[in-house]
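Please open the structure in your viewer and keep the sequence panel beside it. This tour goes from stop to stop, saying at each one what to select and what is there.

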Amino acid sequence: MATEPSFQVRKLQLSDKGKGFIELMRQLSVGDPISDEDFVQRFQELSSHGDDDLICVIEDERQSKIIATGCARLGMKIVEFLADHARYRGCYKVILDCSSENKAFYERCGFREKEIQMVQYFV
């Protein structure tokens with residue numbers, strides 16, 4: 001008999017590096033390896049901003065694995081959580097970047113296309 005998954009939506013924690021957070025982020029963007037010390041330093045920097053720089057994750061508690069973050073995957077729960085947080089903090093809008101393949105999903109979440117995104121890579 002299969003057990004039901006147990007998902008928890010919550011803020012990023014230091015222990016999430018060991019639960020696959022960095023590997024999940026690498027699915028979204030190429031990046032250099034990050035040491036434990038660098039992760040702790042960046043985490044503390046973001047934490048010092050209070051709730052102004054919120055990163056949330058969804059953890060599959062049965063596997064102790066991060067399966068989603070504020071930027072994608074298990075989307076509606078993440079998007080709703082972040083939008084509610086932004087509204088609570090008094091933000092007047094939320095902006096996100098996404099690929100054209102994900103456009104329809106975010107439209108179902110209440111977003112609409114506005115202008116364009118530009119980027120310049122140096123590495």
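Colour the chain by secondary structure and follow it from the N terminus, where the elements run in the order β-α-α-β-β-α-α, which gives a protein with 4 helices and 3 strands. Keep in mind throughout that this is a predicted model, and that every stop on the tour describes that prediction. Of the 123 residues of the protein, 22% count as buried. If you turn on contacts and keep those with a separation of 6 or more, residues 24 or more positions apart account for 62% of them.

**Stop one: a charged residue in strand 1**

Select Arg 10, which you will find in strand 1, residues 7-11. Is Arg 10 buried or exposed? Its relative accessible area is 8%, and because buried means under 20%, Arg 10 is counted as buried. Now add Cys 56 to the selection and draw a distance between the two C-alpha atoms: Arg 10 and Cys 56 are 46 residues apart in sequence, yet 5.4 Å apart in space. If you leave aside the neighbours of Arg 10 within four places in sequence, the residues in contact with Arg 10 are Asp 16, Lys 19, Ile 55, Cys 56, Val 57, Glu 59 and Ile 66.

**Stop two: the largest nonpolar core**

In soluble globular proteins, nonpolar side chains tend to be buried together. To see an example here, select Leu 12, Phe 21, Ile 22, Leu 24, Phe 39, Phe 43, Val 57 and Ile 66, the 8 residues of the largest nonpolar core. Helix 1 (21-26) and helix 2 (36-47) each supply at least two residues of this core, and the largest share, 3 residues, comes from helix 1. Stay with Ile 22 for a moment and show what surrounds it: apart from neighbours within four places in sequence, Ile 22 is in contact with Lys 17, Ile 34 and Phe 39.

**Stop three: two positive phi angles**

Move on to Ser 64, which has its place in the loop between strand 2 (56-60) and strand 3 (65-69). Phi of Ser 64 is near 50°, a positive value in a residue other than glycine, and Ser 64 is partly exposed, with a relative accessible area of 41%. Then select Glu 115, in the segment after helix 4, where phi is near 55° and is again a positive value in a residue other than glycine. Glu 115 has a relative accessible area of 64%, and is therefore exposed.

**Stop four: a cluster of rings**

Select Phe 105, Tyr 106 and Phe 111, and show their side chains as sticks, since ring pairs link these residues into a cluster. The count for the protein comes to 3 aromatic pairs. How are the rings of Phe 105 and Tyr 106 arranged? Their centres are 4.9 Å apart and their planes stand at 75°, so this pair is edge-to-face. Tyr 106 also counts as buried, at 8% relative accessibility.

**Stop five: the second largest pocket**

Finally, turn on the surface and look for the second largest pocket, which has a volume of about 950 Å³. Its lining is made of 27 residues, and those that lie nearest its centre are Leu 96, Phe 111, Arg 112, Glu 113 and Lys 114. Helix 3 (75-88) and helix 4 (103-108) are the elements that give two or more residues to this lining, with the largest share, 5 residues, coming from helix 3. If you colour the lining by residue type, you should find 13 nonpolar, 4 polar and 10 charged residues. Phe 111, which you met in the ring cluster, appears here again among the residues nearest the centre of the pocket.

Definitions and conventions
Residues are numbered from 1 along each chain as its sequence is written. This is a predicted model: local features need pLDDT of at least 70, side-chain atom pairs count only at pLDDT 80 or more; totals for chains, interfaces and linings use all residues. Side-chain values use heavy atoms; hydrogens and water are left out. On a 1 Å grid over the protein atoms alone, a cavity is a set of points where a 1.4 Å probe fits but cannot get out, and a pocket is an open set with protein on both sides within 12 Å along at least five of seven lines; lining residues have an atom within 4 Å of a point. Grid points are joined across faces, edges and corners, and a volume is the space filled by probe spheres set on the points. Ala, Val, Leu, Ile, Met, Phe, Trp, Tyr, Cys and Pro count as nonpolar, Asp, Glu, Lys and Arg as charged, and the others, Gly among them, as polar. A nonpolar core is a set of buried Ala, Val, Leu, Ile, Met, Phe, Trp, Tyr and Cys residues joined through side-chain atoms within 4.5 Å. Buried means under 20% relative accessible area, exposed over 50%, partly exposed in between (1.4 Å probe, protein chains only). Contact means heavy atoms within 4.5 Å. Rings of Phe, Tyr and Trp (its six-membered ring) pair if their centres lie within 6.5 Å; planes under 30 degrees apart count as stacked, over 60 as edge-to-face and the rest as tilted.
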